[in-house]
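Me: I would like to work through this structure one step at a time, with the reasoning laid out before each answer. Could we begin with the model itself on the page?

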Amino acid sequence: MGEKEQMMFYKYWKVFLLALTSFFWAGCDDSSSEAECLYGPPPEYQSSNSDKVESSATVGDDEISSGSNETVSSNSVEPFSTSSNGRAPVNCYTTSVKDTAGSSYSIFECDNGKKYLKDFVVYSEGLKDRLPKDILWSEPREGIEGDNCNFNAAPLCVDKIDSQGRQYGGCHPTIDCPYKPDTTTTNCYATSIKNKDDVEIDIVECDDGHKWTREQAPFSICATNPISIPEDVTVGFPEPGGKNAKNCKLGPDTCAKTDCGSKKEYCAPTIDCPHK
């Protein structure tokens, strides 16, 4: 083989070896391959032992440390409020509910949406049909509900007589829960009503069904001509602009002649509410 042929042969083998090297290098994965590349990574990807990142986690009472020299405090996360047994607290509150006849009964209403008839042992089973269907004929379970309640309240002692005239009953433990915070506001409206003497008097009637007198002085027992007040009307009125008369304001004083004491006239404020 001449010198020219040797140079060409060497040149072809050089190209072949270069292509073969490129083929193996393309098959390497810089980040996830477990096998080392045939010729190793390029110098820019090489690192000495001192530059390797050591990852170690040490769990202590207050912190977690890693090889990156970063410290993560376990106190950086606000702990979730729990009760003494490690669960989220469920509070219950005393409130009331009306039956189909309009009578009110005390109940416990809990944060989990359950409602229990308070002191259900004193009521007949017939009440179930008159109460809303979501009222439970039982009581909150200690350790599960009523974290804000007293499960050792004074016992309730009752005597019952069954349909055959036999007496039964006894003392039962009771639960005492705080009253449910009332955040509602009530509006009142000016209207009128007739008393037993067929005299029409001005009153205010509120959204909660409460009726109040609009004026105080004419209804005074010292008035020369006192006016009888219907039994379902309360003498006086709620605080104007307050929680129970949010849409009302204080009106002008009204005066009435009196027969009491040395005063010939008695004056008192009024409440001014919009008409219903």
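Me: In which loop does L131 lie?
Reply: This is a predicted model, and the protein chain comes to 1 helix and 15 strands in its secondary structure. L131 itself belongs to none of these strands but is placed in a loop, namely the one between β6 and β7.

Me: Is L131 buried or exposed?
Reply: A residue counts as buried when its relative accessible area is under 20%. The relative accessible area of L131 is 6%, and therefore L131 is buried.

Me: Which residues does L131 touch, not counting residues up to four places away in sequence?
Reply: One partner is Y105, which is 26 residues away from L131 in sequence, while the two C-alpha atoms are 9.0 Å apart in space. Setting aside residues up to four places away, the residues touched by L131 are V97, D99, Y105, L117 and W137.

Me: L127 lies in the loop between β6 and β7; is L127 buried or exposed?
Reply: In its surroundings, L127 touches D99, Y105, L117 and W137, when residues up to four places away in sequence are not counted. D99 is 28 residues from L127 in sequence, with 8.1 Å between their C-alpha atoms. Because its relative accessibility is 2%, L127 counts as buried.

Me: What is the order of the strands in the open sheet of 4 strands?
Reply: Strands of a sheet pair through backbone hydrogen bonds, either parallel or antiparallel. Here β4 and β5 run antiparallel and are joined by 7 bridges, β5 and β6 also run antiparallel, with 3 bridges, and β6 and β7 run parallel, with 2 bridges. The pairing in this open sheet is mixed, and the order is β4-β5-β6-β7. Since each of them pairs on one side only, the edge strands are β4 and β7.

Me: Which residue in β7 stands opposite K115?
Reply: Opposite residues can be followed across the sheet, beginning with C92, which stands opposite C110 in β5. In the next pair of strands, F108 stands opposite Y116 in β6. For K115, the residue opposite in β7 is I135.

Me: Which residue in the turn between β5 and β6 has a positive phi?
Reply: The hairpin of β4 and β5 has 5 residues between its strands, and there G102 takes a positive phi near 95°. The hairpin of β5 and β6 has 4 residues between its strands, and the residue in its turn with a positive phi, of about 95°, is G113.

Me: What is the phi of D198, which is not a glycine?
Reply: Most residues other than glycine have a negative phi. D119, in the loop between β6 and β7, has a positive phi of about 55° although it is not a glycine. D198 is found in the loop between β10 and β11 and counts as exposed because its relative accessibility is 55%. Its phi is also positive, at about 65°.

Me: How many Å lie between the backbone oxygen of A154 and a polar atom of the side chain of T174?
Reply: T174 is placed in strand β9, residues 167-176, and it is buried, with a relative accessible area of 11%. Leaving aside neighbours within four places in sequence, its contacts include D119, N150, A154 and L156. Between the backbone oxygen of A154 and a polar atom of the T174 side chain, the distance is 2.4 Å.

Me: Which strand gives the largest share of the lining of the largest pocket?
Reply: Rolling a probe the size of a water molecule over the atoms shows where empty space is left. The largest pocket has a volume of about 280 Å³, and of the 13 residues that line it, those closest to its centre are T95, S96, K180, D182 and T184. The largest share of the lining is 3 residues, and it comes from β4.

Me: What percentage of the 276 residues of the protein chain count as buried?
Reply: The accessible surface of the protein chain comes to about 20100 Å², and 51% of that surface belongs to carbon and sulfur atoms. Turning from surface to residues, the share of the 276 residues that count as buried is 25%.

Definitions and conventions:
Residues numbered from 1 in each chain as written. Predicted model: local features only at pLDDT ≥ 70, side-chain atom pairs only at ≥ 80, totals over all residues. Heavy atoms only, no water. Pairing = 2+ DSSP bridges. Buried < 20%, exposed > 50% of the residue type's maximum accessible area, 1.4 Å probe, protein only. Contact = heavy atoms within 4.5 Å. Areas by Shrake-Rupley, 256 points an atom, 1.4 Å probe, with all protein chains shown as cover. Polar contact = N/O pair within 3.5 Å; in protein donor to acceptor, adjacent residues only side chain to side chain. 1 Å grid on protein atoms, 1.4 Å probe; cavity = no way out; pocket = protein on both sides within 12 Å on 5 of 7 lines; lining within 4 Å. Points joined across faces, edges and corners; volume = space filled by probe spheres on them.
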